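The exercises below are to be worked with the sequence and the coordinates at hand. Each task is followed by a solution that goes step by step.

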Amino acid sequence: MAQRLNFDEFFSRSADALSEDSELGMALARLPKVSADGPWLAGGALRRTLMRQSLDSDFDFFFASDVQFNKFCEAIKKAGGWQVSKNDHNTTFRLPSVAPEPTGEDEFSPYKPELTIQAITTQWYESPEAVVESFDFTLCQFAYDGTDLICGDYALWDLGRKRLVPHRLSFATSSLRRLLKYTKQGFTICGGGLANLLEQVLERPEIIHAETQYID
């Protein structure tokens, strides 16, 4: 299950996350547009925006089809980006930083930092709700389709409490690494959450050896 909130209305209560001078707004202005039909931005960049943290990590994009993915890759290259790496799960690109330029007397355009973009190809998705449903922890369950913030039913609640709550494990080893990463960022997991992780592994032991690169 997932819920939809109008992105602009939601963020206007505290800050305009998509304003021209916001980190997220400046980044998305340089990247291929997200839309209701895909591609969709999801995961860490949205979580960090919600937490008012610097967007100093990857921007993860998800797709409805291989055709959409290929168009996205071409658009990144036309924007000046280059491919850094590629595997069965994702393709990583970088966009160069942009230095400030004069816009008037004693006025300059803002500095635009280098961006790292991950185009996720683990699978194709029917909707941003399907993307959100695929994440292993509720704190990752955020997506943006150009209009709405799509989030898991308890994602905002768990994020506000900085709680690590398992959702659906598909790659248990990677999820364990991510759990350690998030605890270093101040998130905590209770005994019930740890028990849930073990129960999911017992129910589907094949996910122990399933492996993927980090997403989020």
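**Exercise 1.** Is Ala195 buried, partly exposed or exposed?

*Solution.* The model is a predicted one, and within it Ala195 is found in helix α8, which covers residues 191–203. The relative accessibility of Ala195 is 32%. Since buried requires a value under 20% and exposed a value over 50%, Ala195 counts as partly exposed. As a further step, take the C-alpha atoms of Ala195 and Gly146: they lie 37 Å apart in space, with a separation of 49 residues in sequence.

**Exercise 2.** Which side chain of opposite charge is nearest to Asp60, and how many Å away is it?

*Solution.* Begin by placing Asp60 in strand β3, residues 59–62, where it is buried. The nearest side chain of opposite charge belongs to Arg48, at 6.4 Å; because a salt bridge needs the nitrogen and the carboxyl oxygen within 4 Å, Asp60 has no salt bridge. The side chain of Asp60 does, however, make a polar contact of 3.1 Å with the side chain of Gln118.

**Exercise 3.** Which strands stand at the edges of the sheet?

*Solution.* First write down the strand order of the open, eight-stranded sheet with mixed pairing, which is β1-β10-β9-β2-β3-β8-β5-β4. Strands β1 (2–6) and β4 (82–86) each have a single partner strand, so one side of each is left without a neighbour in the sheet. From one strand to the next, the twist averages 30°. Finally, helix α4 (residues 66–78) packs on this sheet, touching β3, β5 and β8, and its direction makes about 20° with that of β5.

Technical notes:
Residues numbered from 1 in each chain as written. Predicted model: local features only at pLDDT ≥ 70, side-chain atom pairs only at ≥ 80, totals over all residues. Heavy atoms only, no water. Helix = DSSP H or I, 4+ residues; strand = E, 2+ residues; numbered from the N terminus. Buried < 20%, exposed > 50% of the residue type's maximum accessible area, 1.4 Å probe, protein only. Lys, Arg positive; Asp, Glu negative; His and termini not counted. Polar contact = N/O pair within 3.5 Å; in protein donor to acceptor, adjacent residues only side chain to side chain. Pairing = 2+ DSSP bridges. Axes fitted to C-alpha atoms, helices over the stretch in contact; angles between N-to-C directions. Contact = heavy atoms within 4.5 Å.
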